[in-house]
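Okay, hi everyone, thanks for letting me take this slot. I'd like to walk you through one protein model, and I'll keep it relaxed. Have a look at the picture first.

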Amino acid sequence: MTDTLSAAQARRIALAAQGFSRARPASVSARHIHRVMDRLGVLQIDSVNVFARSHYMPLFSRLGAYEPALFDRVFHSRTTHYIEYMAHEATFIPIEDWPLWRFRMDHFRARWAAPDSWMSTNTRTLRWVQDELRARGPLRPADLRDDAPRERGTWWDWDDVKLALEHLWRTGDVAISGRKGFERTYALAEQVIPDAILSQHVPREDAIRELTRRAARSSGVATQSDLADYHRIRDRAAVSQSIADLVDSGEILAVSVRGWDRGGRPLPSWRHRDAVLPRRIDAAALLTPFDPVVWFRDRALRAFELDYRIEIYVPAEKRRYGYYSLPVLVGDRIVARVDLKADRATSTLQVQSAWWEPQGQPGADAEKIAAELALAAAWQGLAHVSVSRWGTASEALHAALSGRADASVRRHLHAREASE
């Protein structure tokens, strides 16, 4: 028997599964970070640092302001609970999950086994990199660059060594043992992963079933495409079989969501048995484009009416919303998007553009967004917030920020008005 959910109920279930039904703590500790990771399962990493690096954002969205140094201690230390792998794109994952990804490592190895592949034609580089890591332990790429065997002839090239590290990481021979800033430190997998974890073997079908189960838990309610995309599993037949197995075991339940259709036909969907349907979602949050709530474009459009593309690679004059606009959540709706930049020289959070989304309610939502922008500025150690005139939401946000009690915000906004 298939239950029927409204679109709003499905949104609330999805947001609760992602942790947005919980109140933010007064003070954030490592325990809170681990709790968020238990819900997300993976945390996507991205290098863009216009406002804040993407992987710092999902924790801020769910927990509020926290010390970035706490993030670094939890995720980057040599004793971390987490490690990096291609579990969506490049992501942090629990270190004990390494064996779940052996099927993906084996896929990369098989794909690159052809005689004309890069790995087959660069065996000397691969061997040298592994020998260096074996002899010297974890190394930054710069350490390898400084000691590279330039005298051995023309076989060595710095770009080849960087490629070797990336290839060996994807095949699981090398692991990332930490970061200094955004620079990775590489080591042989056995130098980082405990033997008890590294020696585990998880059959491919079991791994995909477990990852599909986790995707269902983290999504709350989802279609097959949603479940496959959560961990970027391209074998849809395997995902379909996993769904059937999970239905048989009672782990997930078939549901129908009103409005979730394609070509006029309802999309088959499933709800995790532990998913909760809160009466309401009271959250307000800035979301990174790489947050699981919105990272799959089809799901964002279907569930939130958010038609989102990152415009980083779009020429400036052709951008509609801005370089790196962030979706804004209020309640169970994506109500706006804001393009933020942290101007450290002037200690200002610049709202370079602000736009209402179809579900936005300008009168009701502007104050909540303004409060979140002020919190974001404080989180990044910025004293001021400025708002440009670009976008349909800019005037409402400017007015809401002008009315806030934060004197530094008011002072900066009044200076903007005087200049106009």
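So, let's start with the rings. A search of the whole structure turns up 16 aromatic pairs. Keep in mind that this is a predicted model. If you haven't met ring pairs before, a pair of aromatic rings is described by the distance of the centres and the angle of the planes.

Here's one of the pairs. The ring centres of Y66 and W379 are 5.6 Å apart and the planes sit at 40 degrees, so we call the pair tilted. Now, where do these two live? Y66 is in the loop between helix 3 and helix 4, while W379 belongs to helix 16, so the pair ties together parts that are 313 residues apart in sequence. Are they buried or exposed? Y66 is buried, with a relative accessible area of 5%, and W379 is buried too, at 7%.

Next pair: Y85 and W101. Their ring centres are 6.5 Å apart with the planes at 45 degrees, so this pair is also tilted. Y85 comes from strand 3, and W101 from the loop between strand 4 and helix 5, so here the parts tied together are 16 residues apart in sequence. Both Y85 and W101 are buried.

Rings can also link up in a group. Which residues do that here? Ring pairs join Y56, F71, F75, Y82 and F92 into a cluster.

Some rings have a charge for company, too. The charged end of R302 sits over the ring of W260, 4.9 Å from the ring centre. In the same spirit, R337 has its charged end over the ring of Y321, 3.8 Å from the centre.

Okay, let's zoom out. The protein chain has 18 helices and 16 strands. Its C-alpha trace spans about 65 × 60 × 40 Å along the principal axes. How does its radius of gyration fit with a compact globule? For 420 residues, a compact globule would come out near 22 Å, and the protein chain has 23 Å, which agrees. And of those 420 residues, 56% count as buried.

Now for the empty space. Rolling a probe the size of a water molecule over the atoms shows where empty space is left.

I'll take the largest pocket first, with about 370 Å³ of space in it. It has 14 lining residues, and R104, H107, F108, R232 and R234 lie nearest the centre. Helix 5 gives the most to that lining, with five residues, and helix 12 supplies at least two. What classes do the lining residues of this pocket fall into? They divide into five nonpolar, two polar and seven charged.

Let me stay with R232 for a moment, since we just met this residue at the pocket. R232 is found in the loop between helix 13 and helix 14. Most residues other than glycine have a negative phi. For R232, though, phi is positive, near 50 degrees. This residue is partly exposed, with a relative accessible area of 26%.

There's another one like that: S347 has a positive phi, near 55 degrees. You'll find S347 in the loop between strand 14 and strand 15. S347 is partly exposed as well, with a relative accessible area of 21%.

Last stop, the cavities. How many cavities of 30 Å³ or more does the structure hold? Two.

The largest cavity has a volume of about 110 Å³. Its lining has 14 residues, and those nearest its centre are Q18, S219, P292, V293 and R299. Helix 1, helix 12, helix 13 and helix 15 each supply at least two residues of that lining, and the largest share, three residues, comes from helix 13. By class, we get eight nonpolar, three polar and three charged residues around the largest cavity.

The second largest cavity has a volume of about 70 Å³. It's lined by 13 residues, with G41, V42, D97, R214 and H231 closest to its centre. Which helix gives the most to this lining? That's helix 12, with four residues. The classes here are seven nonpolar, three polar and three charged.

If you take one thing back to the picture, try helix 12: this helix helps line the largest pocket, the largest cavity and the second largest cavity. That's it from me, thanks!

Methods: Residues numbered from 1 in each chain as written. Predicted model: local features only at pLDDT ≥ 70, side-chain atom pairs only at ≥ 80, totals over all residues. Heavy atoms only, no water. 1 Å grid on protein atoms, 1.4 Å probe; cavity = no way out; pocket = protein on both sides within 12 Å on 5 of 7 lines; lining within 4 Å. Points joined across faces, edges and corners; volume = space filled by probe spheres on them. Nonpolar A, V, L, I, M, F, W, Y, C, P; charged D, E, K, R; others polar. Buried < 20%, exposed > 50% of the residue type's maximum accessible area, 1.4 Å probe, protein only. Phe/Tyr/Trp six-rings, centres within 6.5 Å; stacked < 30°, edge-to-face > 60°. Lys NZ or Arg CZ within 6 Å of the ring centre and 35° of its normal. Rg over C-alpha atoms; globule rule 2.2 N^0.38 Å.
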